[in-house]
Amino acid sequence: MRMKNSLLRRDFLKQTALATAAAAMPFASFAQSPTPAADPISAAPPHAGPRPHFPTTDPAWATTWDAALSVCAGNVRSMPRYDHPVLVEGSTYAGIWLECAPQEGQVYGTLQKYVATPVGTPTPLQTARANHMAFFAQQKPDGQLPASIKLADKVGTDAGYGQIQMVVPIAATAWDIFQLTKDQELLETAYASCSRWDMWLRQYRDTRKTGLCEGFCTYDTGHDNSPRWKGIPNRCPDTDARKCPPDPTMPRLCPDLSATVYGGRIALGAMAHALGKRDDHARWLADAEQIRHLILTKLYSPEDAAFYDLDAQNNFVRVRGDLISRVLGEHVLDPHKDKAIFEAVWTKQIHNPKAFWAPYPLASIAMDDPAFVRPIPRNSWGGASQALTALRAPRWMAFYGKQAELRLMMQQWCSAIMRHTEFRQQMDPLTGDFTQPDPGGYSPCALTFLDFARRLSHA
């Protein structure tokens, strides 16, 4: 496909200046105390440590690397409802969300050796810990975790419980951090909290008694403005995630939410083993296998090689979206026992250049799906390639033996980010142009570049 003129190389120093300035802009109205702005060109980032060996000698790699570190450092903020600084989402998202903040913290933590932490500020691993413990600290007595904790939330507020909004299991990323730090308090807290969260989901999100996890609203899966949820409210009634809207097609059995439960149970099994809880370990693995089996038998369409929501009238919601990659993200498909299913999903959907494998993968809705949204608006899971989806890709692509394709995807994302250096939320999957209305300074995009550049340097 012929690329637009906007794909030609832009004035890099100008874009870098904009990016560094953007890192300081997003939360001006939420800052505890104002700080003087630094010269975006001449100021060397004080948090920059040693750099990896970049894939090429192009100075754009180092400049973008430093700008991405500046975004992350600027987005480590103190919260009204938690005592330790966390890495917030950035851009227009002034807070942390259950679907993404724990994983973002975990990725940031793996970059610790590249970050020179000033005295009195948290290290990336300490920030990663806080991105988990903040949710555990705000867990309700009945076991519900908050879907979000925002900088604007006052102490004592009940905000953030109107949906479940989960993708990467917080149990899984907590377990990842424990393996790096051997933090026993984190392990014990995560095990207790995530066990109670699993119980809450069983009680309130399995109303049809199928053993799968149900979606009640758009925000449950974080798929804002997605045709997947067309006609369904964004939030649950009365902003209460226990309540399903009075719609005859609701609730839905959701493959990605169920996959998140599966991944959480696998992690809980590993935690139980580490804690010497032998019976719990066996129970978690058995429960995980049960929901894995249900996802494959009830929510997979062999003729389409796709996973779909199943509505309350037992009809598939046939919109092919990135929920497919979320199922893969939790390794629901066994690479040996389910090899035929994986190869069908990979060939017909994920790696199909007419569907998800765009020049800048992965599109959030298959490009050949009638529901694919054009032109692409802001904050749209209707087709745009999202930084969050890119950040999650290393969790599964190598697991299924797709290292070469992952490498290409990482190269494409890095090249697009280096052209713009603004660290925005989403881009056109065909051109690599980032959607402009929102400001830059978006943590997932900065982390995508840092993580991908580091991985490419090791390849």
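Is Arg228 buried or exposed? Arg228 is buried, with a relative accessible area of 4%. The notes below take up this residue and several others in what is a predicted model.

1. Salt bridges overall. The structure holds 29 salt bridges. Three of them are described here, together with one network and one polar contact.

2. Arg228 and Asp309. The side chains of these two residues meet in a salt bridge, with 2.7 Å from N to O. Arg228 lies in the loop between β5 (214-215) and β6 (252-253), while Asp309 belongs to strand β9 (residues 309-310), so the pair ties together parts that are 81 residues apart in sequence. Asp309 counts as buried, because its relative accessibility is 1% and the cut-off for buried is under 20%. Arg228, at 4%, is buried as well.

3. The network around this pair. Arg228 and Asp309 also belong to a network of salt bridges. The other residues linked in the network are Arg252, Asp256, Asp322 and Arg326.

4. Arg51 and Asp66. A salt bridge joins the side chains of Arg51 and Asp66, at 2.4 Å from N to O. Arg51 sits in the loop between α1 (12-24) and α2 (60-74), and Asp66 sits in helix α2, so this salt bridge ties together parts that are 15 residues apart in sequence. How exposed is each partner? Arg51 has 42% relative accessibility and counts as partly exposed. Asp66 is buried, with a relative accessible area of 13%.

5. Arg454 and Asp451. In this salt bridge the closest N and O atoms are 2.4 Å apart. Where do the two residues lie? Both are in helix α13 (residues 443-458), and they are 3 residues apart, which is about one turn of the helix. Arg454 and Asp451 are both buried.

6. Gln386. This residue is placed in strand β11 (residues 385-386). Gln386 is buried, with a relative accessible area of 1%. Its side chain makes a polar contact with the side chain of Gln425, at 3.2 Å.

7. Surroundings of Gln386. Which residues does Gln386 touch, not counting residues up to four places away in sequence? They are Leu362, Ser380, Trp381, Trp413, Gln425 and Gln426. Gln425 therefore appears both in this list and as the partner in the polar contact, where the cut-off is within 3.5 Å.

Conventions:
Residues are numbered from 1 along each chain as its sequence is written. This is a predicted model: local features need pLDDT of at least 70, side-chain atom pairs count only at pLDDT 80 or more; totals for chains, interfaces and linings use all residues. Side-chain values use heavy atoms; hydrogens and water are left out. A salt bridge is a side-chain nitrogen of Lys or Arg within 4 Å of a carboxyl oxygen of Asp or Glu. Helices (H or I, at least four residues) and strands (E, at least two) are DSSP runs, numbered from the N terminus. Buried means under 20% relative accessible area, exposed over 50%, partly exposed in between (1.4 Å probe, protein chains only). A polar contact is a pair of N or O atoms within 3.5 Å; within protein, one must be able to donate a hydrogen and the other to accept it, and residues adjacent in sequence count only if both atoms are side-chain atoms. Contact means heavy atoms within 4.5 Å.
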